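Please work through the exercises below with the sequence and the coordinates open beside you. Each task is followed by a solution that proceeds step by step.

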Amino acid sequence: MTATDPALTALANGWGALSLLHGRIESHIERALQAAHDLSVREYSLLDVLSRQHEGVGGHLQMKQVADAVVLSQSATTRLVTRLEDRGLLSRYLCPTDRRGIYTNVSEEGLRLLEAARPTNDAALREALDEAGRNPELTSLVRAVEALDAASPAR
């Protein structure tokens, strides 16, 4: 294959469209969450991931698992946790079975903020997808995202 190979060009175009869609959605949600709740997309994502933990076996996530879930490095995730802990939205404690492990829980204040922000996040996502769906370059990707949502077991 050469650099001008049509298959490579198609892949590059597809990747570019996916990157464009992601950027537009994230920017739209970021503006909405910041304006209404003083939360970034990453902060909202972290609160959302941590709010799904439970007390059963394997119910609490280690920092690496949290970092993977919010698509950040471990060090960036730790800094984000610290910022939200300083705001009273999270708390950390030592793992009772492994003193080297540290778990993070969403505080009551964090849960209230998350519940208040969830409709804003969902509406901004819907708005961003609707807007992107009017762009012919992005229509098929928007349909793919919507098809994933429709196939979700939560429905």
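The exercises that follow concern a predicted model, and they go from the overall fold to single residues.

**Exercise 1. Overall architecture**

Describe the secondary structure of the protein and the order of its elements, and then state its dimensions and how many of its residues count as buried.

*Solution.* Begin with the inventory: the protein has six helices and two strands. Put in sequence order, these elements give the pattern α-α-α-α-β-β-α-α. Next, take the extent along the principal axes, where the C-alpha atoms fill a box of roughly 55 × 40 × 30 Å. Of the 155 residues, 34% count as buried. Finally, turn to the contacts between residues at least 6 apart in sequence, of which 51% join residues at least 24 apart.

**Exercise 2. The largest nonpolar core**

Determine which elements contribute two or more residues to the largest nonpolar core, and which of them gives the most.

*Solution.* The core holds 30 residues, and those that touch the most other members are Leu33, Leu39, Leu46, Leu47 and Leu90. Two or more residues come from each of H1, H2, H3, H4 and H5, and H5 gives the most, with seven residues. To see the surroundings of one of these leucines, take Leu39 and set aside its neighbours within four places in sequence: Leu39 is then in contact with Glu30, Leu33, Gln34, Tyr44, Leu47, Arg87, Leu113 and Ala117. Two of the residues in this list, Leu33 and Leu47, also appear among the core members that touch the most others.

**Exercise 3. The largest pocket**

Give the volume of the largest pocket, identify the residues closest to its centre, and characterise its lining by element and by residue class.

*Solution.* The first step is the volume, which is about 890 Å³. The lining comprises 25 residues, and the closest to the pocket centre are Ile25, Ile29, Asn121, Leu125 and Val145. The elements that give two or more residues to this lining are H1, H2, H3, helix H5 (108–133) and helix H6 (139–151). Sorted by class, the lining residues divide into twelve nonpolar, three polar and ten charged.

**Exercise 4. Two positions on helix H1**

Compare His28 and Ala32 with regard to exposure, and find their contacts beyond four places in sequence.

*Solution.* Both residues belong to helix H1, as the assignments of His28 and Ala32 show. His28 has a relative accessible area of 18% and is therefore buried, since the cut-off is under 20%. Ala32, at 21%, falls above that cut-off and is therefore partly exposed. Now examine the contacts: His28 touches Ala124, Glu127 and Ala128, while Ala32 is in contact with Thr120 and Ala124. The side chain of His28 also makes a polar contact of 2.7 Å with the side chain of Glu127. As a last step, compare sequence and space for Ala32 and Ala123, which are 91 residues apart in sequence, yet 9.0 Å apart from C-alpha to C-alpha.

**Exercise 5. Arg92 and its partners**

Locate Arg92, and establish which side chains it joins through polar contacts.

*Solution.* Arg92 is found in strand E1 (residues 90–94), and Arg92 is partly exposed, with a relative accessible area of 28%. Not counting residues up to four places away in sequence, Arg92 touches Thr78, Val81, Thr82, Glu85, Ile102, Tyr103 and Thr104. Within this set, the side chain of Arg92 is joined to that of Thr82 by a polar contact of 2.7 Å, and to that of Glu85 by one of 2.9 Å. By way of distance, Arg92 and Ala132 are 40 residues apart in sequence and 39 Å apart in space, C-alpha to C-alpha.

**Exercise 6. Positive phi outside glycine**

Where do Asp38 and Val71 lie, and is each of them exposed or partly exposed?

*Solution.* Recall first that most residues other than glycine have a negative phi. Asp38, however, has a positive phi of about 55 degrees, and phi of Val71 is likewise near 55 degrees. Asp38 is found in the loop between helix H1 (6–37) and helix H2 (41–51), whereas Val71 lies in the loop between helix H3 (63–70) and helix H4 (74–86). For exposure, the relative accessible area of Asp38 is 48%, so that Asp38 counts as partly exposed, and that of Val71 is 61%, so that Val71 counts as exposed.

Definitions and conventions: Residues numbered from 1 in each chain as written. Predicted model: local features only at pLDDT ≥ 70, side-chain atom pairs only at ≥ 80, totals over all residues. Heavy atoms only, no water. Helix = DSSP H or I, 4+ residues; strand = E, 2+ residues; numbered from the N terminus. Buried < 20%, exposed > 50% of the residue type's maximum accessible area, 1.4 Å probe, protein only. Contact = heavy atoms within 4.5 Å. Polar contact = N/O pair within 3.5 Å; in protein donor to acceptor, adjacent residues only side chain to side chain. 1 Å grid on protein atoms, 1.4 Å probe; cavity = no way out; pocket = protein on both sides within 12 Å on 5 of 7 lines; lining within 4 Å. Points joined across faces, edges and corners; volume = space filled by probe spheres on them. Nonpolar A, V, L, I, M, F, W, Y, C, P; charged D, E, K, R; others polar. Core = buried A, V, L, I, M, F, W, Y, C linked by side-chain atoms within 4.5 Å.
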